[in-house]
Amino acid sequence: LDIAIECLVNVWGETCAIFAGAAEPAHDACVQAARRHYKATKSTDCDVVVSNVYVKAQEWATGSKAAASVRKGGDFVVCANAPDGQVIHYLMAGWGSTLHGEEMESPATAHAKRIFLYTQYPVVGAFFHHHVQQMSSWTEIAKALTDVHGSKAKVAVYPSADLMYFG
């Protein structure tokens, strides 16, 4: 068979569009749709930015491009709440006694005062940037943010930050 099957996914990891057929036309159609589907409008100078990376807790930096919206000293919240488990690309963490990847850090988040990782399904491993606070209670994160920024904080939410691009 000489065909391509390509999919777009929504913020819950569900397939929301399928492109199938001859390789080049199917791919071209998928790319055109993806440009619309994954395009995000960039907010600026936010006190708090919430970045959903869904199944990529171990690769939280894939959504760090959203941190460009955080003002210096603001807070960056990464959501990776996937009850079915996380995607593992073996790019970081220990995978045996001699093989391991790098700690995934992102210079894009250097200006953020705090980085929270929200997941109800805690991820074990020494692969997080030392500033990342993994928390399983959204209420606790909201309180920590409100204690610092108050109820009038400027907030941006990027529901699919691992796949989005600013256009």
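**Entry 1: the starting point**

Which residue in β7 does Tyr118 stand opposite? I looked this up in a predicted model, and Tyr118 stands opposite Met135 in β7. On the β5 side, I found Cys79 opposite Tyr118. I noted a further facing pair between β5 and β6, in which Val77 stands opposite Phe116.

**Entry 2: strand β6 and its neighbours**

I next examined the pairing of β6, which spans residues 114-118. Strand β5, residues 70-79, runs parallel to β6 and is joined to it by 5 bridges. Strand β7, residues 132-135, also pairs with β6 in the parallel sense, here over 4 bridges.

I then asked how many residues of β6 are buried. The count is 5 of 5. I recorded the two faces separately, since side chains in a regular strand alternate between the two faces of the sheet. One side of β6 carries Arg114, Phe116 and Tyr118, and the other carries Ile115 and Leu117; both faces are covered.

**Entry 3: the sheet as a whole**

I traced the strand order and obtained β7-β6-β5-β4-β8, an open sheet of 5 strands with parallel pairing. β7 and β8 (155-158) stand at the edges; each has a single partner strand, so one side of each lacks a neighbour in the sheet. I also noted the turn between neighbouring strands, which is 20 degrees on average with direction ignored.

**Entry 4: aromatic pairs**

I searched the whole structure for aromatic pairs and found 2. In one of them, the ring centres of Tyr118 and Trp138 are 5.3 Å apart and the planes stand at 75 degrees; the pair is therefore edge-to-face, as the angle is over 60 degrees. This pair connects distant parts of the chain, with Tyr118 in strand β6 and Trp138 in helix α2 (residues 138-149), 20 residues apart.

Are the two partners buried or partly exposed? Tyr118 has 11% relative accessibility and therefore counts as buried. Trp138, at 35% relative accessibility, counts as partly exposed.

The other pair I recorded is Tyr158 with Phe166, also edge-to-face, at 5.5 Å centre to centre and 75 degrees between the planes. Tyr158 is buried, with a relative accessible area of 4%. Phe166 counts as partly exposed because its relative accessibility is 27%.

**Entry 5: a charge over a ring**

Which residue lies over the face of Phe166? I found Lys42 there, at 5.9 Å from the ring centre. Phe166 is thus listed twice in this notebook, with Lys42 over its face and with Tyr158 as its aromatic partner.

**Entry 6: cysteines**

I asked how many disulfides a search of the whole structure would find. The search returned 0. I then checked Cys7, whose closest cysteine sulfur is in Cys30, 7.6 Å away; that is too far for a bond, because a disulfide requires the sulfur atoms to be within 2.5 Å. The check from Cys30 leads back to Cys7 as the closest, at 7.6 Å.

I closed the entry with the accessibility of these two residues. Cys7 counts as partly exposed, at 40% relative accessibility, whereas Cys30 is buried, with a relative accessible area of 5%.

Methods:
Residues numbered from 1 in each chain as written. Predicted model: local features only at pLDDT ≥ 70, side-chain atom pairs only at ≥ 80, totals over all residues. Heavy atoms only, no water. Buried < 20%, exposed > 50% of the residue type's maximum accessible area, 1.4 Å probe, protein only. Helix = DSSP H or I, 4+ residues; strand = E, 2+ residues; numbered from the N terminus. Pairing = 2+ DSSP bridges. Phe/Tyr/Trp six-rings, centres within 6.5 Å; stacked < 30°, edge-to-face > 60°. Lys NZ or Arg CZ within 6 Å of the ring centre and 35° of its normal. Axes fitted to C-alpha atoms, helices over the stretch in contact; angles between N-to-C directions.
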